[in-house]
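Let's take a walk through a protein together. Keep the picture in view as you read, and turn it around whenever a new part comes up.

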Amino acid sequence: GRGGQEVMGLGQGAATGGWAPWYARPRALQAMTLLLALLLLANAVLSLFFKVTDFEWHLQKGHDFWTLRPYPDKAITYLLPRFLLDGLVAWMEPRWARAVVYPLAVALLAWSALTCRRLAAQPGDPPWLFWPPLLLALLVIHPYLARDLNDCGPQIVTLACLLGAYLALRGRRPWLAGLLLATAIVWKVTPALFLGYLLLKRQWSALAATLLFTGLWLLLPALVLGLDQTLAVYRQWGGQLVWMLGQADLTVSHIEPPRHHNQGLRLLVARYTMDFGPEHPIHRDGNLSGNPLYVTFLELAPAQAQRVYQAVVLGLGALFAWRFRHRWSDARAGSELREWSAVLLLMTLLSPLAWLQHFAVALPAAVIVARDLLLTRGGGWRPWLAGCIAVVLLLLQRDVVQRELSLLVLSYKLDAFAMWGLVALVLLPPPPRSSCRSDPP
């Protein structure tokens, strides 16, 4: 493993006689592992036997593609290769398709989790440190992971592709990195943000490979649909994207009607700058305008709110371009892992559609931040911010606070703020090594 640290059994650092804090001792680690296993088992039962989610929608889209009707409705939300891949299991009865895809998603999640932890390890880490950050991160973000597993893990597939691309890039295999990045782009679209990151890092071979393989992926559906129909769909997809970006009202989108569930930056800015009256379509899931806890902050016109959004995007773009300005190098591997983890979150936060399950890609950042916190001696602002993030993720979800209060929480975009906080924690310089503990105090 990286930094000379191999995967060890639960509690091995403590069991071999070395000092370990209480949360790294065998019983604590086994309790956390058992809790995660029970949560996964409950999710599997619900997903395989009781849930009807977006997975069925994707099965239908896959079926439509292979029957030469890729877009029977007008809104084009995904690129054609996604439906080509969806169609690989669309011939199966939905429950059997779930039974095939769900275990694959769990396997990809396990691989992604262990990969994140190996990559986050640093030389000199105490032997007890391997498992606690990983288990803590999984427990804190499990509401997002559970939601994605209900859909049979499409965000986990994206995460695995992008982690594989990072490993390939770190191993000087730019063409493999390009293939995996291109696969993520045609699967989800939002990973196209990594093209900008590769550009800033001057990774020309990986950038060229990503563009090449993306082009090949986009042409692949022409073998089924024919070139003319394939290109016509892409023209329509591009036209709808341009139409949405040209709308003065931030809540207008061809993807779906506005909803409080959407935690993307467009809806976040709209929530805090616009007044959603009782007749606004954003209240389709429940009218909050009469709730005394629902507060309107500003009452800007849609065009003014749009200008605020554009200013925020430009400011963030300049900030992250400056933060990512250094050339890719082996000497900065730890910093670049943090950057890669942050871009995983940014591609979701900046997306026009960001539901809670899309934040499953927060896993690498959560593992890195958990490791930082467990090694840091003393207080400061980091534990407080991390605690606030944990409260949002664990205590302010629908399963805990029930529907109406959870909708109110979603309307304030607290999950989005939590993820922006995680971006800050993972990108700001970690505590100096001299303030970390590897021996008993």
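How much accessible surface does the chain have, and what share of it belongs to carbon and sulfur atoms? The accessible surface comes to about 19,800 Å², and 68% of that belongs to carbon and sulfur atoms. Before we go further, bear in mind that you're looking at a predicted model.

Start with the overall build. The chain has 21 helices and zero strands, so what you see is helices and the stretches that link them. For 441 residues, a compact globule would have a radius of gyration near 22 Å, and the chain has 22 Å, which agrees. If you put a box around the C-alpha atoms along the principal axes, that box would be roughly 65 × 55 × 50 Å. Of the 441 residues, 51% count as buried. The chain also makes plenty of contacts across its sequence: take the contacts between residues at least 6 apart, and 75% of them join residues at least 24 apart.

Now look inside. The largest nonpolar core has 100 residues. Those with the most contacts inside this core are Trp-340, Leu-345, Leu-363, Leu-393 and Met-419. Pick out Leu-363 and check what it touches: leaving aside neighbours within four places in sequence, its contacts are Leu-109, Ser-112, Ala-113, Cys-116, Leu-138, Ile-141 and Leu-159. Apart from the largest core lies another one, of 10 residues, and its members include Leu-80, Phe-83, Leu-84 and Tyr-234.

Nonpolar side chains turn up on the outside too. Leu-34, Leu-38, Leu-41, Val-45, Leu-46, Phe-49 and Phe-50 form a nonpolar patch on the surface, and together they have about 720 Å² of accessible area. One of them, Phe-49, is found in helix α2, which covers residues 26-49. Phe-49 has a relative accessible area of 48%, so it is partly exposed.

What about charged residues: can they sit inside? Have a look at Asp-86, in helix α4 (residues 80-86). Is Asp-86 buried or exposed? Asp-86 counts as buried, because its relative accessibility is 9% and the cut-off for buried is under 20%. Not counting residues up to four places away in sequence, Asp-86 touches His-58, Leu-59, Gly-62 and Trp-187.

Next come the charged pairs. Side chains of opposite charge can pair when their charged atoms come close. This structure holds eight salt bridges. In one of them, the side chains of Asp-125 and Arg-371 meet, at 2.9 Å from N to O. Asp-125 lies in the loop between α5 (94-120) and α6 (131-140), while Arg-371 is in helix α17 (residues 363-375), so this pair ties together parts that are 246 residues apart in sequence. Asp-125 is buried, with a relative accessible area of 12%, and Arg-371 counts as buried at 7% relative accessibility.

Another salt bridge brings together the side chains of Arg-170 and Glu-336, at 2.4 Å from N to O. This pair, too, links distant parts of the chain: Arg-170 is in helix α8 and Glu-336 in helix α16 (residues 333-349), 166 residues apart. Arg-170 counts as buried at 17% relative accessibility, and Glu-336 is buried with a relative accessible area of 0%.

Go back to Arg-371 for a moment. Asp-372 forms a salt bridge with Arg-371, and their closest N and O atoms are 3.3 Å apart. Both Asp-372 and Arg-371 are buried. Salt bridges that share partners join Asp-125, Arg-338, Arg-371 and Asp-372 into one network.

Last stop: the backbone. Most residues other than glycine have a negative phi. Against that background, find Arg-172, where phi is near 60°, a positive value in a residue other than glycine. Arg-172 lies in the loop between α8 (154-170) and α9 (174-188), and at 62% relative accessibility it counts as exposed. Then find Arg-202, where phi is near 55° and so positive as well. Where is Arg-202 placed? Arg-202 is in the loop between α10 (193-200) and α11 (204-219), and it counts as partly exposed, at 27% relative accessibility.

How values were computed. Residues numbered from 1 in each chain as written. Predicted model: local features only at pLDDT ≥ 70, side-chain atom pairs only at ≥ 80, totals over all residues. Heavy atoms only, no water. Patch = residues over 30% accessible without salt bridge, like charges linked within 9 Å, V, L, I, M, F, W, Y side chains within 5 Å. Areas by Shrake-Rupley, 256 points an atom, 1.4 Å probe, with all protein chains shown as cover. Salt bridge = Lys/Arg side-chain N within 4 Å of Asp/Glu carboxyl O. Helix = DSSP H or I, 4+ residues; strand = E, 2+ residues; numbered from the N terminus. Buried < 20%, exposed > 50% of the residue type's maximum accessible area, 1.4 Å probe, protein only. Rg over C-alpha atoms; globule rule 2.2 N^0.38 Å. Contact = heavy atoms within 4.5 Å. Core = buried A, V, L, I, M, F, W, Y, C linked by side-chain atoms within 4.5 Å.
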